[in-house]
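Student: Could you take a close look at one part of this model for me? I'd like to hear about one strand and its neighbours, and then how some of the helices pack.

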Amino acid sequence: MMTTITEHDLIQSIEDAVQFISIYHPLDYIQHLARAYELEESPAARDAIAQILTNSRLCAEGHRPICQDTGIVNVFLKIGMDVRFDTRRSLQELCDEGVRRGYTNPDNPLRASVLDDPLFTRRNTRDNTPCVLQVELVPGDTVDVQVAAKGGGSENKTKFAMLNPSESLVDWVLKTVPLMGAGWCPPGMLGIGVGGTAEKAMLMAKQSLMQDIDMYELLQRGPQNKLEELRIDLYQKVNALGIGAQGLGGLTTVLDVKILTCPTHAASKPVAMIPNCAATRHVHFTLDGNGPAALQPPALSEWPEVHWKPDYKASRQVNLDTLTREEVASWKPGERLLLSGRILTGRDAAHKRIQDMLARGESLPVDFRGRVIYYVGPVDPVRDEVVGPAGPTTSTRMDAFTDMMLGQTGLLAMIGKAERGPAAIEAIRQHGSAYLMAVGGSAYLVSKAIRSARVLGFEDLGMEAIYEFEVRDMPVTVAVDAQGTSVHQTGPREWRERIAARIVPVQA
């Protein structure tokens, strides 16, 4: 019997799916993150996980995106051989139409991040199309669909190597994960593809991330084959690196490790690794010719009773409108701050334009003297919001501009996510500045601290324009202080040593 799938059913299902995954974490992720929260001993990591869990509940309640980076959409179709599509359009066109409608939904608009020319104009398509489509023809009379949204912070940490056949996968992973930094917003999961060819390994790594997180259950029952033994080994050894939530140091860096394999050439051992971040977003459904997919949201009772609130006793309150260089110099590495007052925003495109204007001797549209800049590209607001979800973007992309901004504009400090590179840390030290870290994966929670927003410059850049935010009690951590001490170096080192002391028996 032939199954007919209409245009409407596929388009509507994709539209609903991209909205669904922007709002709801998969339940398996919430359950495993809640367990990690209960076990975490690092105060900084525990606070970060609390923000992620609170943000997740707020998004489910408010029907708003988990992260401001609502990702590039990946669609995986396994089409039964007894299926026909009632359409004159290609599958790419149908899926793109679903993505277009999903991302421009007026009730929950999602940030458009896809550019149609990666080399030259890099023009935003404004509707997040095209998606990345993978199609497989299989026996059967249904269409198996998986939809995922991958943010740039985690996607950019993708790693690939063509190992020699005798080389160890475990050694490569343990060497490579620390090089990924924290821009992929751990705790998350690692997807690994081994075998096939280079592109096959990459595809398997991505597909493995669509699987349910089941490491807790696997540890409870024990491994039943060599692949499960390998997953547990990698899970334990990666967490023993002490990287921790947001790279601040702690017990949990990954919630699970997934591995897919494929036969390969005798001379080859292609290995790919792709992380999934704290904004893990994917959904799986089947089309059988009886209408669009019906996606069931998790019940709010499934979320743990974790409700992050500003801790005025454990945090220093900072008035940004009276901030001085002397006060910045007094901040301590790892110290928690609550920011109130006015901050500026700006990220990749704005920094490049500032650089070009300064090189031409032109005046900037914004005075940065004595100000703090936040690396963010917010989601558009709806209803009574002043701004949509507005979490931090990966700060290392601004490293090349840091010395210029601190030396030529009078900027005092910066806010972003994850670590800074050596050049940026040295510039911070030389200029007596500081770098503050907000939690990646808490975009909607952060937006609750923003009381007003207005564009001051580069309006044509859309979400990359320079805004002025007025904030109240915005939570951040001093990640690099004025002396150049980085908690993304000291924190993981401390927790790696603590974990090693537990694992390695003390010699008499």
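**A strand and its partners**

Tutor: Let's begin with strand 5 and strand 10 (residues 282-287): the two run antiparallel and are joined by six bridges. Bear in mind that this is a predicted model. If you want a residue to hang that pairing on, take V145, whose bridge partner in strand 10 is F285. Strand 5 itself covers residues 143-150, and it also pairs with strand 2 (residues 72-80), again in the antiparallel sense, this time over eight bridges. V145 turns up here too, as the bridge partner of L77. So how covered is strand 5? Mostly covered, with seven of its eight residues buried.

Now for the helices. Helix 1 (residues 7-23) and helix 4 (residues 91-103) have axes that come within 7 Å and cross at roughly 45°. That angle makes helix 1 oblique to helix 4, because it falls outside the ranges for roughly parallel, roughly antiparallel and roughly perpendicular. The crossing is right-handed. On the helix 1 side, the contact is made by E7, L10, I11, I14, E15, V18 and Q19. Helix 4 answers with L91, L94, C95, E97, G98, V99, R101, G102 and Y103. Sorted by class, that contact of helix 1 with helix 4 has nine nonpolar, three polar and four charged residues.

Another pair to look at is helix 6 (residues 169-176) with helix 9 (residues 226-239), whose axes come within 10 Å and cross at roughly 30°. Since angles under 35 degrees count as roughly parallel, helix 6 is roughly parallel to helix 9. This crossing is right-handed. Which residues meet there? From helix 6 you have L169, V170, V173 and L174, and they meet L230, D233, L234, K237 and V238 in helix 9. By class, the contact of helix 6 with helix 9 has seven nonpolar, no polar and two charged residues.

One last stop is E326, which you'll find in helix 10 (residues 325-330). Is E326 buried or exposed? Its relative accessible area is 61%, and the cut-off for exposed is over 50%, so E326 is exposed. If you'd like a sense of scale, try E326 against E199: they sit 127 residues apart along the chain, and their C-alpha atoms are separated by 52 Å.

Methods
Residues numbered from 1 in each chain as written. Predicted model: local features only at pLDDT ≥ 70, side-chain atom pairs only at ≥ 80, totals over all residues. Heavy atoms only, no water. Axes fitted to C-alpha atoms, helices over the stretch in contact; angles between N-to-C directions. Helix = DSSP H or I, 4+ residues; strand = E, 2+ residues; numbered from the N terminus. Parallel < 35°, antiparallel > 145°, perpendicular 65-115°, else oblique. Left-handed = near helix turned anticlockwise from the far one by under 90°. Contact = heavy atoms within 4.5 Å. Nonpolar A, V, L, I, M, F, W, Y, C, P; charged D, E, K, R; others polar. Buried < 20%, exposed > 50% of the residue type's maximum accessible area, 1.4 Å probe, protein only. Pairing = 2+ DSSP bridges.
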